[in-house]
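Thanks for coming. Please have the sequence and the structure open while I talk.

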Amino acid sequence: MTIFLPGAARGRWKTRHVSATGEAGGPPGDLTIEGPVWTFLDQEKSATGVLWSRNINRFGGPDRIHFETATSSDGKTWIAGTSGDLVRAQP
């Protein structure tokens with residue numbers, strides 16, 4: 001489950017992941033909402049430093065999302081991960 005908390009500015013949110021057992025993991029993430037584009041940004045500390053992850057969701061109406069994931073060791077230079085389109089099946 002992900003919890004969304006209002007951030008300091010309009011369109012900015014803090015996110016917190018909670019497991020099925022009720023444990024919250026890692027530091028809060030950031031979510032920026034700019035119209036149909038939602039950008040999730042998280043960082044995780046490891047033995048070798050910080051690993052950033054980014055997930056960009058572009059909503060194309062109520063039944064379509066294009067997503068792109070990426071990782072970074074500095075929060076500036078991104079290495080593309082998976083991407084694709086999700087389409088909700090019509091009843």
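I'll begin with strand S4, which gives the most to the lining of the largest pocket, with four residues. Keep in mind that this is a predicted model.

Which elements give two or more residues to that lining? They are strand S4, residues 37-46, and strand S5, residues 49-59. The full lining is made up of His17, Gly25, Gly26, Pro27, Asp42, Gln43, Glu44, Lys45, Leu51, Trp52 and Ser53. Please find them on your screen. By type, the lining residues divide into three nonpolar, five polar and three charged. As for volume, the largest pocket comes to about 170 Å³.

Next, Ser19. Where is Ser19 found? Ser19 sits in the loop between strand S2 (12-17) and strand S3 (29-34). Its relative accessibility is 34%, so Ser19 counts as partly exposed. The reason is the pair of cut-offs: buried means under 20%, and exposed means over 50%. For a distance, take Ser19 and Ala70: they are 51 residues apart along the chain, and their C-alpha atoms are separated by 23 Å.

Last, Thr82, which has its place in strand S7, residues 79-87. What is Thr82 in contact with, once we leave aside its neighbours within four places in sequence? The answer is Phe67, Glu68 and Thr69. Pro28 is another residue to compare with Thr82: the two are 54 residues apart in sequence, and 23 Å apart in space, C-alpha to C-alpha.

That is the end of my part.

Technical notes:
Residues numbered from 1 in each chain as written. Predicted model: local features only at pLDDT ≥ 70, side-chain atom pairs only at ≥ 80, totals over all residues. Heavy atoms only, no water. 1 Å grid on protein atoms, 1.4 Å probe; cavity = no way out; pocket = protein on both sides within 12 Å on 5 of 7 lines; lining within 4 Å. Points joined across faces, edges and corners; volume = space filled by probe spheres on them. Nonpolar A, V, L, I, M, F, W, Y, C, P; charged D, E, K, R; others polar. Buried < 20%, exposed > 50% of the residue type's maximum accessible area, 1.4 Å probe, protein only. Contact = heavy atoms within 4.5 Å.
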